[in-house]
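Student: Got a minute to go through this one with me? I'd like to take it piece by piece.
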Amino acid sequence: MTSATHVVTENFPPVAGRRSTFDVEKVRRDFPILHQKVNGKPLVYLDNAATSQKPESVLRTLDKYYREYNSNIHRGVHYLSERATQAYEQARQAAQHFINAGDPSEVIFVRGTTEAINLVAQTWGRRHVGAGDEIIISTMEHHSGIVPWQILCQEKGAKLRVIPINDQGELLLEEYEKLLGPRTKFVSVVHVSNVLGTINPVREIIELAHRRGVPVLLDGAQAAPHVKVDVRALDCDFYAFSSHKLYGPTGVGVLYGKAKLLEAMPPYQGGGDMISSVTFEKTVYNKVPHKFEAGTPNIAGVIGLGAAIQYLNQFDWEQVEAHEREVLAYASERISSVPGVRLIGTAREKTAVVSFVIEGIHPHDVGTILDQEGIAIRTGHHCAQPLMQRFGIPATARASLGFYSTRADVDALVAGLHKVLEVFQ
Ligand code: 7TS
């Protein structure tokens with residue numbers, strides 16, 4: 001008979017200890033997908049804001065889960081279920097430490113940033129927002145940070161108020177301060193913009209809201225992979241991020257919430273695992289975080305996210321940030337020197353993203369020609385149509401960096417852009 005004593009504690013494959021220096025070539029060797037040819041050219045992957053690539057250790061963790069201990073969690077008494085449950089809860093602790101949350105119960109596993117924001121809008125929002133109330137968002141939100149609040153406002157007769165930005169793509173804090181008023185019920189803003197790369201002054205945004213007793217959600221989809229997130233230092237009330245942008249698997253993400261808020265919120269979805277008892281007359285809900293995790297979750301995905309965080313834990317965050325800053329500065333300078341290029345988003349505080357337009361050439365044509373060169377960038381409105389309207393453009397071309405990106409990637413992109421210019425001459 002097997003018992004809990006047989007449970008293997010090391011479910012994530014071991015990774016080498018902490019790396020003392022940041023060696024980008026060594027990092028690249030951890031990502032098998034990077035070493036291939038696309039259209040006969042070495043792949044240059046610069047679409048990390050859409051999704052990032054996965055290191056070998058994450059791939060092995062997923063494989064190991066399905067080969068060795070695939071099982072449903074929390075309800076089983078058998079060996080496989082106990083082992084899967086343990087790995088799942090270890091991943092929760094890994095996520096807790098990654099964002100410096102005070103307790104693992106403040107980490108709720110969801111499908112991703114989109115679901116995290118919808119969860120807060122449909123639970124906290126439905127309970128606290130009424131007719132005539134106001135929710136503040138910003139001009140640079142991803143649609144995931146707009147539509148859930150619009151749905152809530154429509155249902156409740158509440159209003160969305162929008163923080164404007166300047167031409168560099170920076171939030172106007174003094175305008176934000178003016179928007180905060182007696183009807184403000186909630187603030188929801190991106191930590192880092194997926195189009196502009198702007199790192200917003202979230203500490204100040206939160207402090208100004210808290211002075212008026214207003215809670216704040218940060219959309220950290222683009223921040224978590226690039227800046228050190230410390231939810232306790234920020235004092236944010238909610239924080240959302242997606243695994244797949246953080247070198248982990250798709251279909252999973254994290255909603256952090258302060259315990260006190262989560263405990264007072266009604267459940268999001270009803271079903272298995274979120275209950276402690278059910279009769280036809282009445283259901284008593286499970287405690288957090290399980291109250292918000294109805295149904296069989298993405299077990300493999302959560303464990304894979306744990307492995308991604310464990311992988312990242314080898315690195316000194318300052319070294320990662322310094323490397324990305326250096327490549328970003330190089331990319332900004334080289335791309336803007338291409339004739340006809342205009343950068344969209346030139347904030348003083350920026351990370352990992354270079355959006356641009358080329359005079360007279362549609363961004364989709366830029367992307368298609370670059371693809372012929374094996375270069376992957378993204379073109380379009382990037383799910384931020386109101387931001388496109390603010391800049392008076394329908395779309396941008398966007399190169400976005402991961403921590404494995406190099407100056408050589410940038411050089412290839414710039415050579416590709418010169419090919420684009422030749423085609424359109
Ligand atoms: N918020 C921001 C700031 C994002 O960049 C994205 C995805 C989301 C929310 C939604 O995340 P999901 O994991 O729930 O889909 N951004 C992008 C992008 O820029 N290109 O593809 C997806």
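Tutor: Start with Asn286. Setting aside neighbours within four places in sequence, Asn286 is in contact with Asp273, Met274, Ile275, Ser276 and Lys291. Keep in mind that this is a predicted model.

Student: Where is the place of Asn286?
Tutor: Asn286 is in the loop between strand E12 (283-285) and helix H10 (299-312).

Student: Is Asn286 buried or exposed?
Tutor: Buried. Its relative accessible area is 19%, and the cut-off for buried is under 20%.

Student: Which backbone oxygen lies 3.0 Å from a polar atom of the Asn286 side chain?
Tutor: The one of Asp273. Asp273 is also among the contacts of Asn286 listed above.

Student: What else is found in the loop between E12 and H10?
Tutor: Pro289 is there. A cis peptide bond joins Val288 and Pro289, with omega at about 5 degrees. Most peptide bonds are trans.

Student: Backbone oddities, then. What is phi of His74?
Tutor: Near 70 degrees, a positive value in a residue other than glycine. His74 lies in the loop between helix H2 (56-69) and helix H3 (79-99). His74 counts as partly exposed, at 29% relative accessibility.

Student: And what is phi of Asp235?
Tutor: Positive, about 65 degrees, although Asp235 is not a glycine. Asp235 sits in the loop between helix H8 (231-234) and strand E9 (238-242). Asp235 is partly exposed, with a relative accessible area of 29%.

Student: New topic, the ligand. How many residues surround the ligand?
Tutor: 16 residues, and the closest are Thr114, Asp219, Gln222, Ser242 and Arg398.

Student: What lies 2.7 Å from an oxygen atom of the ligand?
Tutor: A polar side-chain atom of Ser242. A polar side-chain atom of His244 lies 2.8 Å from a ligand oxygen. For Lys245, a polar side-chain atom lies 3.0 Å from a ligand nitrogen.

Student: How much of the ligand's area does the protein bury?
Tutor: 86% of the 490 Å² that the ligand exposes when taken alone.

Student: On to helices. Which residues of H5 are buried?
Tutor: In H5 (residues 147-156), they are Pro148, Trp149, Leu152 and Cys153. These buried residues cover an arc of only 135 degrees around the axis, so they are on the same side of H5.

Student: What covers the buried residues of H5?
Tutor: The cover includes helix H4 (113-128) and strands E5 (134-138), E6 (159-163) and E7 (184-190). Just after H5, Gly157 takes a positive phi of about 75 degrees.

Student: How many disulfides does the structure hold?
Tutor: 0 disulfides.

Student: Why no bond for Cys153?
Tutor: Because the closest cysteine sulfur, in Cys383, is 20 Å from the sulfur of Cys153, too far for a bond. Cys153 is buried, at 7% relative accessible area. Cys236 also counts as buried, at 0% relative accessibility.

Student: Last one. Which residues of H12 are buried?
Tutor: In H12 (residues 363-372), Pro363, Val366, Gly367, Ile369 and Leu370. What covers them includes strands E14 (353-358), E15 (375-376), E16 (378-380) and E17 (396-400), along with helix H14 (407-424).

Student: What phi does Gly374 take, just after H12?
Tutor: A positive one, about 80 degrees.

Terms used
Residues are numbered from 1 along each chain as its sequence is written. Side-chain values use heavy atoms; hydrogens and water are left out. Buried means under 20% relative accessible area, exposed over 50%, partly exposed in between (1.4 Å probe, protein chains only). Helices (H or I, at least four residues) and strands (E, at least two) are DSSP runs, numbered from the N terminus. The arc is that of the directions from the helix axis to the C-beta atoms. Contact means heavy atoms within 4.5 Å. A residue is near a molecule or strand if one of its heavy atoms lies within 4 Å of it. A polar contact is a pair of N or O atoms within 3.5 Å; within protein, one must be able to donate a hydrogen and the other to accept it, and residues adjacent in sequence count only if both atoms are side-chain atoms. Accessible areas come from the Shrake-Rupley method with a 1.4 Å probe; for residues, only the protein chains shown count as cover. A disulfide is a pair of cysteine sulfur atoms within 2.5 Å.
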